[in-house]
Amino acid sequence: MVAKRWRRLTLLVGLLLSVSVVWADEIRMAPNQVFMGQAVTWVLEGPGIESALEEADLTELKQSFYIERMFGGGDRLRIKMVPYHPGLITLNPIRLGPKHYQPPVIEVTENPAIKVVWQAPKTDERAYQNQVVYWRTQVLAEDAEFSISVELPENGQGNVQWLETAKEDGRSGILGHQWRYTSGVQLIETGEFSVSSPRFWVRNATQQQWLFVAPPINIRVQPLPGFVPRNLPVGKLQLTSEFPKYWVEKGALQIWRWRLDGTDLPLKDFPNLIEGLPSQQGFEWLSASKWLVSNIQLDGLHSSMKIEQPFRVNQYGWVRFPPLRLSYFDVETGKLVDQFVDSQGVLSVPSWMIWLAKALWILLMAMGLMVVLQLLRAVYLKRRLLHALRQAKQSEEIWKAIQVWTNNSQAWLLLNAPGLDGGEGSSQSLGQWLNWFENRYGAIDQAALLVAGLNDCFYGRTSLQVKRLALDWAKSLPDLDLIPLKMMALNLLSRYSVYRRLQH
């Protein structure tokens with residue numbers, strides 16, 4: 001009888017223990033005073049504490065703390081929490097099984113060594129599906145002896161896609177040393193959900209580590225308007241195209257180059273323009289090559305795609321490239337934007353015609369170079385003449401300098417020049433030289449006075465007046481002497497006329 005009662009008592013005690021969800025031996029939060037970046041540890045010990053915590057409502061606690069991680073399990077748990085804001089954190093009692101735990105008041109003060117300023121994505125404006133938004137962060141410190149690393153949150157349930165973080169290296173300013181960061185996140189799904197902030201780990205020179213996190217924000221993401229095609233890029237795009245110039249060789253490999261520059265738009269959302277190329281008569285499209293570049297800067301995401309589309313034109317004559325159309329949805333205006341690259345035509349010609357055109361172009365360039373050199377040569381000859389006249393002491397030296405200039409001026413560049421170092425001169429008389437000069441440059445008073453002075457000088461007068469007359473005449477010569485070019489052109493035309501007469 002006694003044994004039967006004892007078994008009943010044991011069974012009753014077991015039932016009571018099974019009904020009690022938790023009987024906590026110890027629950028505490030410490031420390032009660034922390035700086036921003038320091039963690040508060042919540043220790044929970046007792047039978048069934050883990051299951052009791054899973055059923056507890058921690059909504060208010062999560063509004064003030066970021067739960068970094070949880071240690072242990074079963075009957076003993078340690079939770080590290082980081083406060084979001086400075087100030088006094090007063091929480092209502094938390095029910096853990098049949099008991100209620102009253103958390104202590106936690107006093108959070110600014111970190112005297114470092115401060116983190118957050119700029120959350122703008123939620124007062126409309127957000128669209130596939131839009132890219134940004135968390136921007138500024139870290140301020142008195143000195144630069146800090147090591148800062150950034151962790152991006154997990155993508156979670158697939159409603160967001162984290163991209164990258166841009167960093168501006170620390171620089172000194174009025175408020176001390178500062179760093180700036182921009183982290184991009186793309187809104188994949190529609191609906192209302194929360195978006196967490198990046199996590200900033202800061203380690204000082206003494207290897208003390210702090211964690212800074214901003215509270216998550218709620219964003220309402222709406223689908224694109226019904227008039228917008230599905231899978232349309234959301235952001236901004238710019239299309240440029242580089243066509244082959246003027247003409248192409250029939251059957252030869254040619255390249256059509258495109259460039260797409262996107263702002264706030266990942267590369268995976270760029271449109272495929274290659275698939276939109278139509279099957280066009282006379283064109284043969286080959287496999288295209290792509291070069292992709294994407295990076296986040298402080299002002300946002302910048303992406304670029306360069307495309308080289310090889311093709312051949314298999315017919316002669318005038319052919320036109322197909323027009324290009326690019327569409328995207330601009331979130332700032334909420335409108336569909338279309339860009340067009342108009343059709344452009346080129347002339348398809350045989351290879352020999354292209355080579356002939358190139359040869360003519362080279363010939364024209366060579367002739368242009370010769371013209372420039374001839375003009376520069378004329379300037380040089382005039383300066384050399386002035387120098388020789390200033391150095392001359394006798395009338396014979398003046399006349400020799402004039403004869404050297406005359407011979408060099410009649411030459412076309414160096415093809416038939418007598419040499420620029422000064423030859424013996426020509427055997428012209430003064431009258432013959434004056435006739436040549438006036439036929440070439442027209443009647444000039446300084447030339448006539450010079451010849452008269454030389455005639456008088458050769459009969460016994462001094463050369464001082466002749467030297468002055470020679471310098472006046474030399475200075476009157478044109479700096480850019482176009483006469484040789486004119487004479488060469490007339491010579492070519494006369495030879496062409498003779499050739500035409502002989503043909504007939």
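# A guided tour of the chain

Begin by selecting Gly191, which stands opposite Val221 in strand S19. The model you have open is a predicted one, and this first pair of residues leads into one of its sheets. Extend the selection to S16 and S19 (residues 217-222), and you will have two strands that pair in the antiparallel sense over five bridges. Now add strand S11, and the three strands appear as an open sheet in the order S11-S19-S16, with mixed pairing. Strand S11 (127-128) and strand S16 (191-195) stand at the edges, each with a single partner strand, so one side of each has no neighbour in the sheet. As a reminder, strands of a sheet pair through backbone hydrogen bonds, either parallel or antiparallel.

Before moving on, show the whole chain, which holds nine helices and 29 strands. Of its 504 residues, 38% are buried.

Next, select residues 324-330, which make up strand S27; six of these seven residues are buried, so the strand is largely enclosed by the rest of the structure. Strand S28 (residues 335-341) pairs with S27 in the antiparallel sense over seven bridges, and on this ladder Ser327 stands opposite Asp338 in S28. Together S27 and S28 form a hairpin with four residues between them, and if you stop in the turn you will find Gly334, whose phi is positive at about 70°.

From there, turn to the aromatic rings, for which the count comes to 24 pairs. Select Phe311 and Phe321, an edge-to-face pair with 5.3 Å centre to centre and 85° between the planes. Phe311 lies in strand S25 (residues 300-313), whereas Phe321 lies in the loop between strand S26 (317-320) and S27, so the pair ties together parts that are ten residues apart in sequence. Phe311 is buried, with a relative accessible area of 0%, and Phe321 is buried too, at 1% relative accessibility. For a stacked pair, go to Trp433 and Phe437, which show 5.3 Å centre to centre and 20° between the planes. These two residues are four apart in helix H6 (residues 430-441), and are thus separated by about one helical turn; both Trp433 and Phe437 are buried. Returning to Phe311 and Phe321, add Phe243, Trp256, Trp258, Phe283 and Trp285, and you have one aromatic cluster.

Finish at the surface: is Leu363 buried or partly exposed? Select Leu363 in helix H4 (residues 351-391), where a relative accessibility of 48% makes it count as partly exposed. Leu363 belongs to a nonpolar surface patch of about 1000 Å², whose other members include Trp352, Leu356, Trp361 and Met367.

Notes:
Residues are numbered from 1 along each chain as its sequence is written. This is a predicted model: local features need pLDDT of at least 70, side-chain atom pairs count only at pLDDT 80 or more; totals for chains, interfaces and linings use all residues. Side-chain values use heavy atoms; hydrogens and water are left out. Patches are made of residues with over 30% relative accessible area and no salt bridge: like charges are joined within 9 Å, nonpolar side chains (Val, Leu, Ile, Met, Phe, Trp, Tyr) within 5 Å. Accessible areas come from the Shrake-Rupley method with a 1.4 Å probe; for residues, only the protein chains shown count as cover. A salt bridge is a side-chain nitrogen of Lys or Arg within 4 Å of a carboxyl oxygen of Asp or Glu. Buried means under 20% relative accessible area, exposed over 50%, partly exposed in between (1.4 Å probe, protein chains only). Two strands pair if DSSP finds at least two bridges between them. Rings of Phe, Tyr and Trp (its six-membered ring) pair if their centres lie within 6.5 Å; planes under 30 degrees apart count as stacked, over 60 as edge-to-face and the rest as tilted.
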